[in-house]
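Hi,

Here is the structure we talked about, handed over for you to look through. My notes on the charged and aromatic side chains follow below it.

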Amino acid sequence: MGEVASNPEKNDRKFALPVDSEHKATEFRLFSVATPHMRAFHLSWISFFACFVSTFAAPPLIPIIRDNLNLTATDIGNAGIAAVSGAVFARVAMGTACDLFGPRLASSSLILLTAPAVFLSAIANSPAAFLMVRFFTGFSLATFVSTQFWMSSMFSPTVVGTANGLSGGWGNLGGGATQLIMPLVFSLIHSSIGSTKFTAWRIAFFIPALFQTLSAYAIFFLGQDMPDGNYVRLEKSGEKHKDNFSQVFYHAITNYRGWILALTYGYCFGVELTIDNIIAQYFYDRFDVNLHTAGIIAASFGLANLFSRPGGGMLSDFVARRFGMRGRLWTLWVVQMVGGLLCLLLGKIGSLSGSVAVMLVFSVFVQAACGLTFGVVPFVSRRSLGVISGMTGGGGNVGAVLTQVIFFRGSRYSTEEGISLMGVMIMCCTLVIMLIYFPQWGGLFCGPRKGVTEEDYYLSEWSAAEKEQGFHKMSMKFSENSRRERGRKGAAAPVQSDPPTIV
Amino acid sequence: MKFLLLQVSLLLFLLKTTNGEVLFSSLPRSLVVVASAMEGQVLKAGEDGITVSVGLNQTVTNQTNESFKKVKVKLCYAPVSQVDRKWRKTHDNLKTDRTCQYTIYDRPYDGKVEGFKWDIEKDVPTATYFVRSYVYNDANEEIAYGQTTNDKKSDNLFVIQGISGRHMSIDIASVCFSVFALLSLVGFFVIEKRQSKVKS
């Protein structure tokens, strides 16, 4: 009963990368585009990058747009909040869609659904229209979830942190790159084609819109959901059971670890989004730099994602080799705490060069914390991986909305006070990581419970009836592959032999 | 934020005697500015024009127009268009003042300015305005001003209607591409459905 019947045809299939029993790659080769693993990686980070470029395409052009549409500071602030709030629920929905339809269809659909919002930004004519297009464009940030889900489906636990960190980080890069791309495109159109300013910004929006649309096509035609094929085919052949939505959803929302990670992600990624929205203004107002310089400083915060978020993911995988899941949790806790401390410090520094220096170090820590978070997420649930990823991702956006509403709206706090207080809030909210406990691996302060195995944890998501029908096969394989999360000590400990067969 | 403003204005007050920092409140209203735009009139950017004339204010007695070297006439935001818009804020320090962002006329001082016609450029946004003129000395510092409105900036204001920037071609292109994206989505679903039927 315990052994999964292996299909001989499947085992003959050759993959370009070494794979585990689920055919997930156990190595990560950045410069390869081999199907299906590395191709999935490149498709996912590029499309996510495109969505970030679209979502934050407006901020660098605000000086032009605010005059064209007669926006007030309140209008601009509200649009900024709208841009990140749409994704809160979209991310949870996307998680569900990934679990049910697969990341390929889910992400290409969302990208195509939100592309019209970017195209129609070109014809926005009022503050209300501006808010609407930013709101709907922001939904595209839910592709983050499909990115993480896809990486978790393609890459083995040993490299999943790295894969998640790189795809997430390089996607986030779009938020920094857009601060350089959009002004460049705008000035090209303004000077070369000779359009007036109020026309040039509109035409400029077609660039991110077209890029986004093309990436959806690429995902649909070039990508596949899992190493063995697309959901559609796998479901037909019976290799993959088409899961039940309410069960998937139930097992996600009843897993407290998902909620804790949603909260903590709000205080690394949410903070990152908030900073993306306010940092240019901060340097402009407090240190009297010109808008161009402020834009470059703002861009450099986002561009640190090139290495800092992936670094977090890689660090997670690295510590896991020796210390397993406990190592992943400790590193996340420490890095995010330090990030909070640096944020507190950032608001207190009065010199320009000091501020830029602290901001850069702060960006590394806060983005690394994002990468570290998604080194833990793939292990919270196997059945409901998508919804858990969605909840965590959505929590990130909730954090962004909350911090902007509490600290950066109106005149209650000066921007520097807001930044310091945000640092305090980061540290407070990071404390809850202490409450995460995996019975098979342990938590921050407690070791694993004796006799509990990975199978016990992952198979508890399936009912006896479902197990009888063999729906839990993938969770079985995953349990085996995740044994490394015990760390070196745990690996030495006797692995419990196959559970007594239940007939 | 309020505290920061207080600090800034205190700082400016202290800098009053520092050279290079010209404060608006220190300027005499030595000029009379007349613009063709009437109270409440709505002008269109890219279509209409404003005719301005600048002369000396006869009521201001002690002034030496020998030091007037350059004259500029600017288009300035009325208070109603500055509300909740920090980038158009009025500061007493003219280096940081953002009230007047568009220059209508900029020539060396040559006595009066008679009936200069300015076509409203296409990048002038929709807002309520008045017209102000500054004269500069050799060091390119403002030494006097005049404006079409009163001190409170509540009188004789006019409106300019900016262009939308939209063109028929942009409207059509964005709608067409949007429809294309949505149709592609439908196409994707059709292809997926077909694949699930084909695979037995």
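**Salt bridges**

At 0% relative accessibility, Arg88(B) counts as buried. Keep in mind that this is a predicted model. The side chain of Arg88(B) meets that of Asp67(A) in a salt bridge, at 2.9 Å from N to O. Where do the two partners sit? Asp67(A) is in helix H3 (residues 62-68) of chain A, while Arg88(B) is in the loop between strand S4 (70-77) and strand S5 (100-108) of chain B, so this pair joins two chains. Asp67(A) is buried as well, because its relative accessible area is 10% and the cut-off for buried is under 20%.

Over all chains the count comes to 15 salt bridges. Here are some others you may want to pull up:

- Asp317(A) pairs with Arg328(A), with the closest N and O atoms 3.0 Å apart. Asp317(A) is buried at 5% relative accessible area, and Arg328(A) is buried at 0%.
- Arg166(B) pairs with Asp171(B), and here the closest N and O atoms are 3.1 Å apart. Arg166(B) is partly exposed, with a relative accessible area of 29%, whereas Asp171(B) counts as buried at 18%.
- Glu454(A), Glu455(A), Arg483(A) and Arg486(A) are linked in a network of salt bridges.

**A positive patch**

Which residues form the positive surface patch? They are Lys242(A) together with Lys193(B), Arg194(B) and Lys197(B). For one of them I have a bit more: Lys193(B) lies in helix H2 (residues 168-198) of chain B. Is Lys193(B) buried or exposed? Its relative accessible area is 55%, so Lys193(B) is exposed, the cut-off for that being over 50%.

**Aromatic side chains**

How many aromatic pairs does the structure hold? There are 48 over all chains. One of them is Tyr265(A) with Phe269(A), a stacked pair at 5.3 Å centre to centre and 15° between the planes. Tyr265(A) is buried at 0% relative accessibility, and Phe269(A) is buried with a relative accessible area of 0%. Phe438(A) and Trp441(A) also come out at 5.3 Å centre to centre, but with 50° between the planes this pair is tilted. Both Phe438(A) and Trp441(A) are buried.

There is an aromatic cluster to look at too: Phe28(A), Phe41(A), Trp45(A), Phe49(A), Phe155(A), Trp170(A) and Phe211(A) form one cluster.

Cheers

Technical notes
Residues are numbered from 1 along each chain as its sequence is written. Chains are lettered from A and ligands numbered from 1 in the order in which they are written. This is a predicted model: local features need pLDDT of at least 70, side-chain atom pairs count only at pLDDT 80 or more; totals for chains, interfaces and linings use all residues. Side-chain values use heavy atoms; hydrogens and water are left out. Patches are made of residues with over 30% relative accessible area and no salt bridge: like charges are joined within 9 Å, nonpolar side chains (Val, Leu, Ile, Met, Phe, Trp, Tyr) within 5 Å. Accessible areas come from the Shrake-Rupley method with a 1.4 Å probe; for residues, only the protein chains shown count as cover. A salt bridge is a side-chain nitrogen of Lys or Arg within 4 Å of a carboxyl oxygen of Asp or Glu. Lys and Arg count as positive and Asp and Glu as negative; His and the chain ends are not counted. The place of a charge is taken as NZ of Lys, CZ of Arg, CG of Asp or CD of Glu. Helices (H or I, at least four residues) and strands (E, at least two) are DSSP runs, numbered from the N terminus. Buried means under 20% relative accessible area, exposed over 50%, partly exposed in between (1.4 Å probe, protein chains only). Rings of Phe, Tyr and Trp (its six-membered ring) pair if their centres lie within 6.5 Å; planes under 30 degrees apart count as stacked, over 60 as edge-to-face and the rest as tilted.
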